[in-house]
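Here's a walk through one chain, taken piece by piece. Keep the model open and turn it as you read.

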Amino acid sequence: MIINADAPVKEVRHADLQRESDNSLFKSKCPACKDGVLLIYREDNGRLREFDRCIACGQAVRYTDIDDLRKLDGVGIDNEEMGETNE
Ligand SMILES: [Zn+2]
């Protein structure tokens, strides 16, 4: 049931959320309903999206530590930004 679809965007740190499973790097358990999952979506260029929405309750979240996640993921970010200077 989409009960939180109209709720204000919740600002969360991805690092503080519980992962959906041990082998899931990005999927998190929803902080609002404890039952749903935040999947993390990608932008057209493959970069991880800052905004996410719970698949169960519809709660919208914004990851305040999205930059760290994007570095971890490494997609859609140029190498200089990641501090990689090795050729
Ligand atoms: Zn939820």
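Let's start with Asp67, which sits in helix 1, residues 66-73. Keep in mind that this is a predicted model. Is Asp67 buried or exposed, or something in between? With 13 C-beta neighbours inside 10 Å, Asp67 counts as partly exposed, because being buried would take 20 or more and being exposed 12 or fewer. Now look for Glu50: Asp67 is 17 residues away from Glu50 along the chain, and their C-alpha atoms are 8.7 Å apart.

Stepping back, the chain has one helix and five strands. Reading from the N terminus, the elements go β-β-β-β-β-α. Of the 87 residues, 17% are buried. As for how the chain comes back to itself, take the contacts between residues at least 6 apart in sequence: 40% of them join residues at least 24 apart.

On to the sheet. Which strands make it up, and in what order? It's an open sheet of three strands, ordered 1-5-4, and the pairing is mixed. Strand 1 (10-12) and strand 4 are the edge strands, each with a single partner, so each has one side left without a neighbour in the sheet. From one strand to the next, the twist averages 35°.

The mixed pairing is easy to trace from strand 5. Strand 5 (residues 60-63) runs antiparallel to strand 4, with three bridges between them, and here Asp52 stands opposite Val61. With strand 1, the pairing of strand 5 is parallel, again over three bridges, and Lys10 stands opposite Val61. So Val61 turns up in both pairings, facing Asp52 in one and Lys10 in the other.

Strands 4 and 5 also form a hairpin, with six residues between them. In the turn you'll find Gly58, with a positive phi of about 85°.

What about the two faces of strand 5? Val61 and Tyr63 are on the covered face, whereas Ala60 and Arg62 are on the uncovered one. This fits a general pattern, because side chains in a regular strand alternate between the two faces of the sheet.

Val61 and Tyr63 lead us into the largest nonpolar core, a group of nine residues. The other members are Val12, Cys30, Ala32, Leu38, Ile40, Leu48 and Cys54. Take Val12: beyond its neighbours within four places in sequence, Val12 is in contact with Leu17, Pro31, Val61, Tyr63 and Thr64.

Another core member, Ile40, deserves a stop of its own. You'll find Ile40 in the loop between strand 3 (37-38) and strand 4 (51-53). Why does Ile40 count as buried? Because Ile40 has 21 C-beta neighbours inside 10 Å, and 20 or more is the cut-off for buried. Check its backbone too: Ile40 has a positive phi of about 65°, although it isn't a glycine. That's worth a second look, because most residues other than glycine have a negative phi.

We'll finish at Arg19, in the loop between strand 1 and strand 2 (28-29). With 14 other C-beta atoms within 10 Å, Arg19 is partly exposed. Not counting residues up to four places away in sequence, Arg19 touches Ser24, Lys27 and Ser28. The C-alpha atom of Arg19 is also 9.0 Å from that of Val37, with 18 residues separating the two along the chain.

Note on methods. Residues are numbered from 1 along each chain as its sequence is written. This is a predicted model: local features need pLDDT of at least 70, side-chain atom pairs count only at pLDDT 80 or more; totals for chains, interfaces and linings use all residues. Helices (H or I, at least four residues) and strands (E, at least two) are DSSP runs, numbered from the N terminus. Two residues are in contact if their C-beta atoms, placed from the backbone, lie within 7 Å. Two strands pair if DSSP finds at least two bridges between them. Axes are lines fitted to C-alpha atoms, for helices over the stretch in contact, and angles run from 0 to 180 degrees between N-to-C directions. A nonpolar core is a set of buried Ala, Val, Leu, Ile, Met, Phe, Trp, Tyr and Cys residues joined through C-beta atoms within 7 Å.
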